[in-house]
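This report describes one protein model together with its ligand. Please consult the sequence and the structure shown below while reading.

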Amino acid sequence: MHDAESPTADSDDAIAEAFEVVARSAPEIRGGLAGRRGKTDEQNASGETQLAADVWADDLLEERLTAIEEVGQFASEERDGVVEAGDGEYAVTVDPLDGSSNLKPNNTMGTILGVYDGDLPAPGRNLVGAAYVLYGPITTMVTAREGEVTEYVVENDGSRRAVREDVTLPEEPTVYGFGGRVPNWTDRFADYAREVANELKLRYGGAMIGDVNQVLTYGGVFAYPELESRPEGKLRLQFEGNPIGYIIESAGGASSDGETSLLDAEVEELHQRTPVYVGNRDLIERLEAGF
Ligand code: AFP
């Protein structure tokens with residue numbers, strides 16, 4: 001966190017500081033989940049009912065991330081608009097609790113961070129850093145900046161130690177995870193899914209971060225695809241698609257919205273949804289070839 005004694009943050013510090021804030025907040029967020037499994041009577045900008053945990057984690061991250069001198073804007077999946085936080089050049093986005101519907105069945109969940117250079121809403125090409133925390137059997141964090149991906153174990157005191165550096169997707173893919181209901185898949189996605197299901201093992205846990213971390217670890221593809229009833233898919237470009245696309249592309253993989261890299265997708269509004277396809281390059285190329 002930036003304070004009077006520490007050096008004035010510059011771009012590197014600001015990105016590192018944002019990573020540090022999320023890492024240090026992770027044990028607190030994890031520790032606070034047990035007592036916050038209830039639903040509020042509020043909905044977020046995407047029309048999803050908010051859990052007490054969603055709102056609480058969001059407030060905690062907003063306060064700490066906007067305290068970074070170089071952060072001028074904050075936005076979250078759980079908030080309608082952008083929070084103006086001074087004249088800093090960086091905008092940070094969070095999905096404070098990705099997979100909150102996994103809280104009830106005690107399944108994996110995550111926190112997603114994006115650091116954009118410039119104002120929101122912003123295209124993925126404006127990302128200068130991205131990270132996610134995975135609340136699994138242990139708490140881990142994956143960061144990406146300047147083309148390098150690092151995995152950390154986050155200790156109970158919020159400190160972290162690198163366990164994998166210069167992380168890249170394995171050459172040989174092993175797993176796939178596809179969201180949505182099968183009858184709601186478009187024919188072209190269903191054709192692709194049938195092909196992939198004959199080659200890889202199914203790993204789908206209902207929280208993007210858990211499923212994406214499987215792809216980063218074992219190689220493969222994660223998709224929350226276009227749907228007949230929802231051609232734009234379910235996931236949010238600004239808070240989920242862009243940061244995860246940035247991380248997977250930094251690890252030598254590829255991302256797509258069905259036509260182009262997520263990072264090149266046109267951004268019209270802050271909470272716009274997008275189909276999300278991320279994973280090994282050839283698996284993404286095969287998807288785009290069939291679309
Ligand atoms: P929640 O945060 O509402 O649980 O949604 C999680 C998510 O945004 C993403 O993390 C998952 O990949 C996807 O939705 C799961 O959606 P389904 O419940 O439709 O499978």
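## The loop residue L120

L120 lies in the loop between β6 and β7; helices (H or I, at least four residues) and strands (E, at least two) are DSSP runs, numbered from the N terminus. The model is a predicted one, in which local features need pLDDT of at least 70 and side-chain atom pairs count only at pLDDT 80 or more, whereas totals for chains, interfaces and linings use all residues. Residues are numbered from 1 along each chain as its sequence is written, and side-chain values use heavy atoms, with hydrogens and water left out.

With a relative accessible area of 11%, L120 is buried (buried means under 20% relative accessible area, exposed over 50%, partly exposed in between, with a 1.4 Å probe and protein chains only). Apart from its neighbours within four places in sequence, L120 is in contact with Q73, A75, V82, A91, V92, T93, Q238 and L270, contact being defined as heavy atoms within 4.5 Å. Q73 is 47 residues away from L120 along the chain, yet the two C-alpha atoms are separated by 7.6 Å.

## The eight-stranded sheet

An open sheet of eight strands has the order β4-β3-β5-β6-β7-β8-β9-β10, with mixed pairing; two strands pair if DSSP finds at least two bridges between them. The edges are formed by β4 (83-84) and β10 (160-164), each of which has a single partner strand, so one side of each is left without a neighbour in the sheet. Within the sheet, β6 (residues 109-117) and β7 (residues 127-135) are antiparallel and share eight bridges. One bridge partnership joins I112 to Y132 in β7.

Two helices lie across this sheet. Helix α4 (residues 208-218) crosses β5 (90-98), β6, β7, β8 (139-145), β9 (148-154) and β10, at about 105 degrees to β7. Helix α5 (residues 237-250) crosses β3 (71-76), β5, β6, β7, β8 and β9, at about 95 degrees to β7. For these angles, axes are lines fitted to C-alpha atoms, for helices over the stretch in contact, and angles run from 0 to 180 degrees between N-to-C directions.

## Helix α4

Helix α4 is largely enclosed by the rest of the structure, because eight of its eleven residues are buried. These are M208, I209, G210, D211, V212, N213, V215 and L216. Just after α4, G219 adopts a positive phi of about 80 degrees.

## The ligand site

Around the ligand are 14 residues, of which D98, S101, Y204, M208 and Y224 come nearest (a residue is near a molecule or strand if one of its heavy atoms lies within 4 Å of it). Oxygen atoms of the ligand have several polar partners. A backbone N or O atom of M208 is 2.8 Å from a ligand oxygen, a polar side-chain atom of K234 is 2.9 Å from one, and a polar backbone atom of S100 is 3.1 Å from one. Taken alone, the ligand exposes 470 Å², and the protein buries 81% of that area; accessible areas come from the Shrake-Rupley method with a 1.4 Å probe, and for residues only the protein chains shown count as cover.

## The five-stranded sheet

A further open sheet, also of mixed pairing, contains five strands in the order β12-β11-β13-β15-β14. Its edge strands are β12 (201-202) and β14 (254-256); each has a single partner strand, so one side of each is left without a neighbour in the sheet. Three bridges link β14 in the antiparallel sense to β15 (residues 276-279), and S255 has V278 as its bridge partner in β15. Helix α6 (residues 281-290) packs on the sheet, touching β13, β14 and β15, with its direction at about 25 degrees to that of β14.

Methods. A polar contact is a pair of N or O atoms within 3.5 Å; within protein, one must be able to donate a hydrogen and the other to accept it, and residues adjacent in sequence count only if both atoms are side-chain atoms.
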